[in-house]
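Welcome, and please open your viewer with the selection panel ready. We will go stop by stop, and each stop tells you what to pick and what to look for.

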Amino acid sequence: MTDFDLDRRTPAGALQTVDRALLVLLAFERTRPDWGVTEVAEEFGWDTSVAQRLLATLAGRGFLVSDPVTRRYRIGPAVLRLGRLWERSGSLELLAAPVLEELRRTTGDTVLFCLPDSFHMRCVAAEEGESGPLRYYPLVGELYPAHAGATSKSFYAYLPDDQRHRLFRGRPMARFTDRTVTDPDLLEQEFLKVRAQGYAYTVGEYDTGVATVAVPVFLGREPYGSLSLGGGEDRFHGAPEDRLDALRHAAQLLEQRLTHPPQRPKGRTGRPRTAT
């Protein structure tokens, strides 16, 4: 049905109506941007009246909008508001931190988790490598240009072709080093190569002497961000192959945590116990 593997069973102790409303929201995808009442009812095996009330309630709070002509529903502005809050609230960094820490211990490299921000990738979480910082200022918040470096290329390569073409065609692109590619046709060839091999590897495209290998992070089938390893060119010995297994495994763990966040163990309240 959707890009996510949804467990449709209402968890023990959860409110069924709330759970059903959340399932409806999770059913919306880029490949399925709108739903009708009858379709929702058939998809989940509910009465049409139940589906109607759920959709109307979500629309009433701005989580959905209804087309008055087709009577089909689409995602509403309240979801956009929550999405922006989520990415900047610190919750994303908390979910990503254990994965990034383990990847840094495994490889010794600097680890970056980045999300798209206009014509850049914005670093939202990072772990410094064992050879020292790549920057003399915090990595989190750094913007990486879309056309330079593996961190960006591993994400933009997986955008739909027409969307990527609109972004890169007719746009001036800065040259940061003598290895920065600014020709749109050459960039497109590199994007196709990245998509074919499943990762991006660059040396000195954005920072002289810095090598980076990166893979995309997906939500379902949608590219969401990128996970990358960076360090001095000498650390990579001209090839990234010995890091790919660890990097891909970390990306899979990150995708799992983003779609199915870990739950607090039962019996834990978060309040320190009083010694007796």
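The axes used at the first stop are lines fitted to C-alpha atoms, for helices over the stretch in contact, and the angles run from 0 to 180 degrees between N-to-C directions. One note before we start: this is a predicted model.

**Stop 1: a pair of helices**

Select residues 16-26, helix α1, and residues 48-60, helix α3; their axes come within 10 Å of each other and cross at roughly 75°. Angles from 65 to 115 degrees count as roughly perpendicular, so that is how α1 and α3 are described. Now show side chains. On the α1 side, the contact is made by Thr17, Arg20, Ala21, Val24 and Leu25, and α3 answers with Val50, Leu54, Leu55 and Leu58. Colour this contact by class and you will find 7 nonpolar residues, 1 polar and 1 charged.

**Stop 2: a hairpin**

Next, pick residues 200-203 for strand β6 and 210-219 for strand β7. These two strands pair in the antiparallel sense, over 4 bridges. Which residue of β7 stands opposite Tyr201? Look for Val213. Then follow the chain through the turn: β6 and β7 form a hairpin with 6 residues between them. Stop at Gly204 in that turn, where phi is positive, about 70°.

**Stop 3: the second largest pocket**

Keep Tyr201 on screen, since this residue is also among those lining the second largest pocket. To see the lining in full, add Lys153, Glu190, Lys193, Val194, Gln197, Tyr199, Ala200, Thr202, Glu205 and Pro240. The space here comes to about 160 Å³. Both α8 and β6 supply at least two residues of the lining, and α8 gives the most, with 4. By class, the lining divides into 5 nonpolar, 2 polar and 4 charged residues.

**Stop 4: an enclosed space**

Rolling a probe the size of a water molecule over the atoms shows where empty space is left. How many cavities of 30 Å³ or more does the model have? The count is 2. Let us visit the second largest, with a volume of about 30 Å³. Its lining is made by Arg164, His165, Phe168, Arg169, Pro184, Leu187, Glu188 and Phe191. Helices α7 (161-168) and α8 (184-197) each give two or more residues to this lining, and α8 gives the most, with 4. Coloured by class, the cavity lining shows 4 nonpolar, 1 polar and 3 charged residues.

Conventions: Residues are numbered from 1 along each chain as its sequence is written. This is a predicted model: local features need pLDDT of at least 70, side-chain atom pairs count only at pLDDT 80 or more; totals for chains, interfaces and linings use all residues. Side-chain values use heavy atoms; hydrogens and water are left out. On a 1 Å grid over the protein atoms alone, a cavity is a set of points where a 1.4 Å probe fits but cannot get out, and a pocket is an open set with protein on both sides within 12 Å along at least five of seven lines; lining residues have an atom within 4 Å of a point. Grid points are joined across faces, edges and corners, and a volume is the space filled by probe spheres set on the points. Ala, Val, Leu, Ile, Met, Phe, Trp, Tyr, Cys and Pro count as nonpolar, Asp, Glu, Lys and Arg as charged, and the others, Gly among them, as polar. Two strands pair if DSSP finds at least two bridges between them. Angles under 35 degrees count as roughly parallel, over 145 as roughly antiparallel, 65 to 115 as roughly perpendicular and the rest as oblique. Contact means heavy atoms within 4.5 Å.
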